[in-house]
Amino acid sequence: MSLTSILSAEAIENAVKECQAPDSFSFKKFSQLCGLTSKSPKEVKDVFQILDEDSSGFIEESELKFFLQRFVPGARTLTDAECKGFLSAADDDNDGKIGVEEFLIMVQS
């Protein structure tokens, strides 16, 4: 399964373009622009599975750095500040990683 089987390639491209400048990434804005916020819980969980590169059941900070590249190869990496902000916004149980339910809550809020 690929991200473009869930989200439109054009919407993904537009969302990535909006956050090309360092420290401009906002997960809320990105997920709205790429269409993730309008997807069903199952589709959001499917996206999570694709983003969970090591299939650990969690998205760790090391995976967050390459978040945009999972959507568009060659996109920039997230800055350390963006990774930490993303993690702190989504990590409700403070275990240092984002689980599928935490990801779903963040997308839907």
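Q: Why is F30 called buried or exposed in this predicted model?
A: In this predicted model, F30 has 2% relative accessibility. Buried means under 20%, so F30 counts as buried.

Q: What makes F25 and F30 an aromatic pair, and why is the pair called stacked, tilted or edge-to-face?
A: The ring centres of F25 and F30 are 5.7 Å apart, and rings pair if their centres lie within 6.5 Å. The angle between the two planes is 50°. Stacked needs under 30 degrees and edge-to-face needs over 60, so the pair of F25 and F30 is tilted.

Q: How do you know whether F25 is buried or exposed?
A: F25 has 11% relative accessibility. The limit for buried is under 20%, so F25 counts as buried.

Q: Why is the pair of F48 and F103 called stacked, tilted or edge-to-face?
A: The planes of the F48 and F103 rings stand at 55°, and their centres are 5.6 Å apart. The distance falls within 6.5 Å, and the angle is neither under 30 degrees nor over 60. The pair is therefore tilted.

Q: What makes this a link between distant parts of the chain?
A: F48 is in helix α3 (residues 41-51) and F103 is in helix α7 (residues 100-108). The two residues are 55 residues apart.

Q: Why are F48 and F103 called buried or exposed?
A: The relative accessible area of F48 is 0%, and F103 has 1% relative accessibility. Buried means under 20%, so F48 is buried and F103 counts as buried.

Q: How many aromatic pairs does a search of the whole structure find, and which residues form one aromatic cluster?
A: The search finds eleven aromatic pairs. One aromatic cluster is formed by F25, F27, F30, F48, F67, F71, F86 and F103.

Q: What makes the charged end of K97 count as sitting over the ring of F58?
A: The charged end of K97 is 4.3 Å from the centre of the F58 ring. The distance limit is within 6 Å, with a further limit of within 35 degrees of the ring normal. The charged end of K97 is listed as sitting over the ring.

Q: Where is K97, and why is this residue called partly exposed?
A: K97 is in strand β2. Its relative accessibility is 25%. Buried is under 20% and exposed is over 50%, so K97, in between, counts as partly exposed.

Q: Which UniProt feature lists K97?
A: The unreviewed UniProt entry lists K97 under "binding site", together with D91, D93, D95 and E102.

Q: How many cavities of 30 Å³ or more does the structure hold, and which residues line the largest cavity?
A: The structure holds one cavity of 30 Å³ or more. About 40 Å³ of space lies in the largest cavity. Its lining is made up of L51, E53, I59, E63, F66, F67 and R70. By class, this lining has four nonpolar, no polar and three charged residues.

Q: What does UniProt cover with "binding site" around D52, and which residue of that set is in the cavity lining?
A: In the unreviewed UniProt entry, the annotation "binding site" covers D52, D54, S56, F58 and E63. From this set, the lining of the largest cavity takes in E63.

Q: Where does D52 lie, and why is D52 called buried or exposed?
A: D52 lies in the loop between α3 and β1 (58-60). Its relative accessibility is 1%. The limit for buried is under 20%, so D52 counts as buried.

Q: How do you know whether S55 is buried or exposed?
A: S55 lies in the loop between α3 and β1 and has 62% relative accessibility. Exposed means over 50%, so S55 counts as exposed. The phi of S55 is near 55°, a positive value in a residue other than glycine.

Q: What is the phi of D23, and why is D23 called buried or exposed?
A: Phi of D23 is near 65°, a positive value in a residue other than glycine. D23 is in the loop between α1 (9-18) and α2 (27-33). At 52% relative accessibility, set against a limit of over 50%, D23 counts as exposed.

Note on methods
Residues numbered from 1 in each chain as written. Predicted model: local features only at pLDDT ≥ 70, side-chain atom pairs only at ≥ 80, totals over all residues. Heavy atoms only, no water. Phe/Tyr/Trp six-rings, centres within 6.5 Å; stacked < 30°, edge-to-face > 60°. Buried < 20%, exposed > 50% of the residue type's maximum accessible area, 1.4 Å probe, protein only. Helix = DSSP H or I, 4+ residues; strand = E, 2+ residues; numbered from the N terminus. 1 Å grid on protein atoms, 1.4 Å probe; cavity = no way out; pocket = protein on both sides within 12 Å on 5 of 7 lines; lining within 4 Å. Points joined across faces, edges and corners; volume = space filled by probe spheres on them. Nonpolar A, V, L, I, M, F, W, Y, C, P; charged D, E, K, R; others polar. UniProt positions renumbered as here; feature names shortened; annotations may be inferred.
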